[in-house]
Amino acid sequence: MAKQEDLFKKVISHAKEYGYVFQSSEIYDGLSAVYDYAQNGVALKKNIRNYWWKAMVQLHENIVGIDTAIFMHPTTWKASGHVDAFSDPLIDNKDSKKRYRADVLIEDYCAKIEKKIEKEVAKAAKRFGDTFNKEEFISTNGRVLGYQEKINNILSRMGKSLEKEDLADVKAQIEELGIACPVSGSKNWTDVKQFNLMFGTKLGADAASAMDLYLRPETAQGIFVNFANVQKTGRMKIPFGIAQTGKAFRNEIVARQFIFRMREFEQMEMQFFVKPGTQTEWYEKWKENRLKWHLSLGLGKDNYRFHDHEKLAHYADAASDIEFKFPFGFKELEGIHSRTDFDLKAHEEHSGKKLRFFDPETKTNYVPYVVETSVGLDRLFLAIFSNSLVTETLEDGSTRVVLKLPSILAPTKVAVFPLLKKDGLPEIAHDIINNLKFDFTTIYDEKDAVGRRYRRQDANGTPFCITVDHQTKEDNTVTIRYRDTMLQERIAINDIATIVNKDISFKKWIG
Ligand code: ATP
């Protein structure tokens, strides 16, 4: 645990030191669970967003994108169920006065049991060596099965209680499991209460007549209310999707874990409209498609898993999370939800406008069903950033810190150095940059010895370094140095763009 915490601390301090993420309003001691993206962070975030957008919109003939306003008519949130049901179950510890999400306390308890399973697996892997079959072990070992059953029972009971709004049973469960407050260590809990997560604000100058608005807690509703507009103007035929990226706001109570859980964050969502009855097939397809997309980034297959929901939201008939192994354990990265016709029907009822699709084959109207894929851009950023940050021990015993970001996402693609600050070498380096900068993000660096400059770019995540030396003046060649292998080779200046292009090709990455 201590090791994981250390790693997470390193991630946070590296993100600050190298200009990726800053605490918001830091000079005023910050604002809790609100963060700013710095010069490198904004580029990484933009590249991740672009990678998602291209995969969803550009590669699918039947998916289009939109960008809707953060402010929406307040009836939207009544129709969507957010006014009545978008809340978290909260519990206070009477001694520490700290407030927790009751479901998170129970989930954390289960995560501890899961740690025990991981320990058993690690022990067995050591014992059996090469012949160890993890899947078989997990499905047959008595102790592991016992732990798993315990987890399943706990989560299933919690899911049912939350579904029935039986908050007394959620509290009873916390007490029965003997869950103590992590701060005070006491088990002196209040009752569990629901707390709405939407931020309210006002529209209009006159306080008396101002309209109550909410900052949108999800981007999805902007898509639903525009369903008919997009369908008609785009002449879209079912099945089709509408994608959108944008800010969402939630008054999170348990707001910790850096950019994992923020009060202002960005979502990348796609609502896929399908014929009623085909939703399960599309739900399975999108689960598979989205996992494949994540795997294309090369962060390692073992870092992902599905978690099918026991407790379904008020709008869903099936839901699954793609979980990622963050430095603090497996947690939700993306949600895939089969949202039925709940949203469109609700907006029909509240607006009095038809939100239907006319099927030219059967000559009938119907309200489409929806399969949603919803991923948090900031969580994805954290997943990629934390997974890429490694400390390597080199052959000579020294260590290097390297941010092995997927090259297609790296904020700076090429760093160019003159070996010396004289003899016309800086001018050549600038010429190279002036030529590359139309296609790639570049950086010029002439400070310190070249070795130090390489290390700086390693820590920054830059995949290619180019060094200009005296030989360059004679034969127009430079040294290219690759971040991950540290390999260096002599290439012609004219080949730089081809090498970089090949490595960061979207087609290559998405596969
Ligand atoms: P959680 O259970 O972690 O609160 P959620 O199930 O409420 O998340 P969804 O409503 O399904 O989340 O939102 C879709 C995605 O948006 C999530 O998978 C996550 O990546 C992202 N997300 C949700 N809330 C936050 C937040 N407070 N900060 C950052 N990202 C978030």
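Biologist: Which domains does the assignment give for this chain?
Modeller: There is domain 1, made of 1–84 + 215–387, and domain 2, which is 412–510. Keep in mind that this is a predicted model.

Biologist: How many Å separate the centres of domain 1 and domain 2?
Modeller: The centres are 36 Å apart, taken over C-alpha atoms. The contact uses 12 residues from domain 1 and 8 residues from domain 2.

Biologist: What area is buried between domain 1 and domain 2?
Modeller: About 880 Å². Carbon and sulfur atoms give 60% of that area.

Biologist: Which three residues of domain 1 bury the most against domain 2?
Modeller: Y18, Y51 and S296. Those three supply 41% of the area that domain 1 buries there.

Biologist: And how many salt bridges are counted between domain 1 and domain 2?
Modeller: The count is 0. There are polar contacts, though: 3 residue pairs across the interface, with both residues at pLDDT 80 or more.

Biologist: Which helix gives the most to the domain 1 side?
Modeller: Helix α2, residues 39–58, with 5 residues. By class, the side of domain 1 that touches domain 2 has 7 nonpolar, 4 polar and 1 charged residues.

Biologist: Let's look at the chain end. Where does I510 lie?
Modeller: I510 is in helix α18, residues 506–510.

Biologist: What is I510 in contact with, leaving aside its neighbours within four places in sequence?
Modeller: Y51, A55, L59, W293 and S296. Two names there should ring a bell: Y51 and S296 are also among the three residues that supply 41% of the area domain 1 buries against domain 2.

Biologist: How far apart in space are I510 and P426?
Modeller: They are 37 Å apart, C-alpha to C-alpha. In sequence, 84 residues separate I510 and P426.

Biologist: New topic, salt bridges. What does the count come to by the rule?
Modeller: It comes to 38 salt bridges. One example is K45 with E266, where the side chains meet at 3.3 Å, N to O.

Biologist: Why does the pair of K45 and E266 tie together parts far along the sequence?
Modeller: K45 lies in helix α2 and E266 lies in strand β10, residues 264–274, so the pair ties together parts that are 221 residues apart in sequence.

Biologist: Now the ligand. Which residues come nearest?
Modeller: E252, R261, M262, E332 and L333 come nearest, out of 16 residues around the ligand.

Biologist: Which side chains put an N or O atom 2.9 Å from a ligand oxygen?
Modeller: The side chain of R250 has an N or O atom 2.9 Å from an oxygen atom of the ligand. R379 also has a side-chain N or O atom at 2.9 Å from a ligand oxygen. For Q267 the distance from a side-chain N or O atom to a ligand oxygen is 3.3 Å.

Biologist: Last bit, the backbone. Is the peptide bond from I238 to P239 cis or trans?
Modeller: That bond is cis, with omega near 5 degrees. P239 sits in the loop between α10 (227–233) and β9 (240–249).

Biologist: And what is the phi of D448?
Modeller: D448 has a positive phi of about 70 degrees, although it is not a glycine. You'll find D448 in the loop between β20 (442–444) and α15 (450–460).

Technical notes. Residues are numbered from 1 along each chain as its sequence is written. Side-chain values use heavy atoms; hydrogens and water are left out. Domain bounds come from an automatic or database domain assignment. Contact means heavy atoms within 4.5 Å. Buried area is the accessible area (1.4 Å probe) that two parts lose on being put together, summed over both. A salt bridge is a side-chain nitrogen of Lys or Arg within 4 Å of a carboxyl oxygen of Asp or Glu. A polar contact is a pair of N or O atoms within 3.5 Å; within protein, one must be able to donate a hydrogen and the other to accept it, and residues adjacent in sequence count only if both atoms are side-chain atoms. Helices (H or I, at least four residues) and strands (E, at least two) are DSSP runs, numbered from the N terminus. Ala, Val, Leu, Ile, Met, Phe, Trp, Tyr, Cys and Pro count as nonpolar, Asp, Glu, Lys and Arg as charged, and the others, Gly among them, as polar. A residue is near a molecule or strand if one of its heavy atoms lies within 4 Å of it.
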